[in-house]
Amino acid sequence: MLRSQFLQALRDPVRPTVSVEFFPPKTPEAGAKMLDVARALRPAGIDFASLTYGAGGTSRDTTLAYGAELVKLGFPLVGHLTCVGHSRAELTDVIAGYDTAGFAGILALRGDPPKGQAAFTPHPEGFAQAEGLVRHISTVRPGRFAVGVAGFPERHPDAVDDLSDIRFLAGKVAAGADFVTTQLFLDNDDYFRFVARARAAGVTVPILPGVMPVLSLKQARNFCGFCKARLPEGLIQELEACGPDEEAQRRVGVSWAVRQVRGLVARGAPGYHVYILNRSESAVELFAQLKS
Ligand SMILES: Cc1cc2nc3c(=O)[nH]c(=O)nc-3n(C[C@H](O)[C@H](O)[C@H](O)COP(=O)(O)OP(=O)(O)OC[C@H]3O[C@@H](n4cnc5c(N)ncnc54)[C@H](O)[C@@H]3O)c2cc1C
């Protein structure tokens, strides 16, 4: 898919853009399962899939290999890429691989410090922020990829305040990013406040909200703790009301995500990005309920 077609779909004022996020499987068995999930989702009207990149370049080969498989299944594919542990020359090689494999876009990220390290230390010949990577992609493959960057409705954990966080986002967009995908959030007001800050800072590109149907209260607490996302009291109460019934909790997660997506689209979000955790059940139900 050409960059221009990709961006046109994202800017469609009538139909929301739908994307799903996979992570690179660690074993061939998990890989086969992931591709089954992808096949199950394909008819759901998904506009593009994205595939994450492991910390420290650990999934470099699997992101490329499984990304290529997703392309073969017909998904326009956004490959994530981080600066962690990579020199510019290595990043150039990965970008060339994404080009050959037919990826439509790249989500340019700084990445988190590898396990055991408190702060991010850039590679001596690499980049300290995602902004540098955005520029690099445009330099080595001008106009080839739709380039996305990460946004944080509840602001990045390292940011000192909302204003500086948005300034850095505006810097990534000024460097050439075409769209923003957000960290997951569970309260739509956080997204709309973030969008208002971004627009006030001159960011005009589409900002695709990240939504995750939670699987259980335990999973939500773990995942939100990791992402530093706030769990709304209303959702906690709905999950607690299910008691230990994990299937009931999963259904609450889907229902919350359906209400979130409807609210997002009704108030002008350009679409939504679903963190599916390589599982199809909740995502299939989410898409089916949104159609009804
Ligand atoms: C949608 C999405 C997908 C993700 N996918 C992955 C993935 O596949 N693999 C992975 O490892 N991680 C992934 N992450 C996590 C991401 O790598 C981390 O959140 C990381 O800590 C920050 O990455 P960034 O690209 O937002 O960094 P940046 O935008 O570079 O910002 C990082 C920090 O530096 C500050 N900063 C930015 N620019 C400057 C500047 N010019 N001067 C000084 N400070 C600055 C910012 O305020 C922020 O605190 C994803 C996150 C999101 C939201």
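## Where H10 meets H11

Let's start at one helix contact in this predicted model. On the H10 side, Arg250, Gly253, Val254, Ala257, Val258 and Val261 meet Ser282, Glu285, Leu286, Gln289 and Leu290 of H11. Sorted by class, the residues of this contact are 6 nonpolar, 3 polar and 2 charged. The axes of H10 and H11 lie 9 Å apart, and the two helices pack at an angle of about 45°. That angle makes H10 oblique to H11, and their crossing is right-handed.

Leu286 is a good residue to click on here. Leu286 belongs to helix H11, and it counts as buried because it has 25 C-beta neighbours inside 10 Å, where 20 or more are needed. Setting aside its neighbours within four places in sequence, Leu286 is in contact with Pro213, Val254, Ala257, Val258 and Val274. Val254, Ala257 and Val258 also appear in the list of H10 residues that meet H11. If you would like a sense of distance across the chain, try Leu286 and Gly202: the two are 84 residues apart in sequence and 33 Å apart in space, C-alpha to C-alpha.

## The other partner of H10

H10, which covers residues 246-266, also packs with helix H9, residues 233-240. The axes of H9 and H10 come within 9 Å and cross at roughly 150°. An angle over 145 degrees counts as roughly antiparallel, so H9 and H10 are roughly antiparallel to each other. Their crossing is right-handed.

Which residues make the contact between H9 and H10? From H9 come Leu235, Glu238 and Leu239, and from H10 come Gln249, Val252 and Trp256. These divide into 4 nonpolar, 1 polar and 1 charged.

## H4 against H5

Further back along the chain, helix H4 (residues 88-100) packs with helix H5 (residues 130-140). Their axes come within 11 Å and cross at roughly 60°, and H4 and H5 are therefore oblique to each other. The crossing of H4 and H5 is right-handed.

On the H4 side of this contact you will find Arg88, Leu91, Thr92 and Ile95, while H5 supplies Leu133, His136, Ile137 and Val140. By class, the contact has 5 nonpolar, 2 polar and 1 charged residues.

## Leu107 in strand S4

Leu133, one of the H5 residues in that contact, can also be compared with Leu107. These two leucines are 26 residues apart in sequence and 9.8 Å apart in space, C-alpha to C-alpha. Leu107 is found in strand S4, residues 105-109.

Is Leu107 buried or exposed? Leu107 is buried, since 26 other C-beta atoms lie within 10 Å and the cut-off is 20 or more. Leaving out its neighbours within four places in sequence, Leu107 is in contact with Ser50, Val78, His80, Gly148 and Thr181.

## Two residues with positive phi

Most residues other than glycine have a negative phi. Two loop residues are worth a look with that in mind. Arg155 has a phi near 60°, a positive value in a residue other than glycine. Asn278, likewise not a glycine, has a positive phi of about 60°.

Where do they sit? Arg155 is in the loop between strand S5 (146-151) and helix H6 (162-174), and Asn278 is in the loop between strand S8 (271-275) and helix H11 (281-291). Their surroundings can be read from the neighbour counts. Arg155 is buried, with 21 other C-beta atoms within 10 Å. Asn278, with 19 other C-beta atoms within 10 Å, is partly exposed, because a residue counts as buried at 20 or more.

## The chain as a whole

Now step back to the full picture. The chain has 11 helices and 8 strands. Its radius of gyration is 18 Å, close to the 19 Å that the globule rule gives for 292 residues, so the chain is as compact as a globular protein of that length. Taken along the principal axes, its C-alpha atoms fill a box of roughly 55 × 45 × 45 Å.

Of the 292 residues, 44% count as buried; Leu107, Arg155 and Leu286 are among them. Among the contacts in the chain with a separation of 6 or more, 81% come from residues 24 or more positions apart.

Note on methods:
Residues numbered from 1 in each chain as written. Predicted model: local features only at pLDDT ≥ 70, side-chain atom pairs only at ≥ 80, totals over all residues. Helix = DSSP H or I, 4+ residues; strand = E, 2+ residues; numbered from the N terminus. Rg over C-alpha atoms; globule rule 2.2 N^0.38 Å. Buried ≥ 20, exposed ≤ 12 C-beta atoms within 10 Å, placed from the backbone. Contact = placed C-beta atoms within 7 Å. Axes fitted to C-alpha atoms, helices over the stretch in contact; angles between N-to-C directions. Parallel < 35°, antiparallel > 145°, perpendicular 65-115°, else oblique. Left-handed = near helix turned anticlockwise from the far one by under 90°. Nonpolar A, V, L, I, M, F, W, Y, C, P; charged D, E, K, R; others polar.
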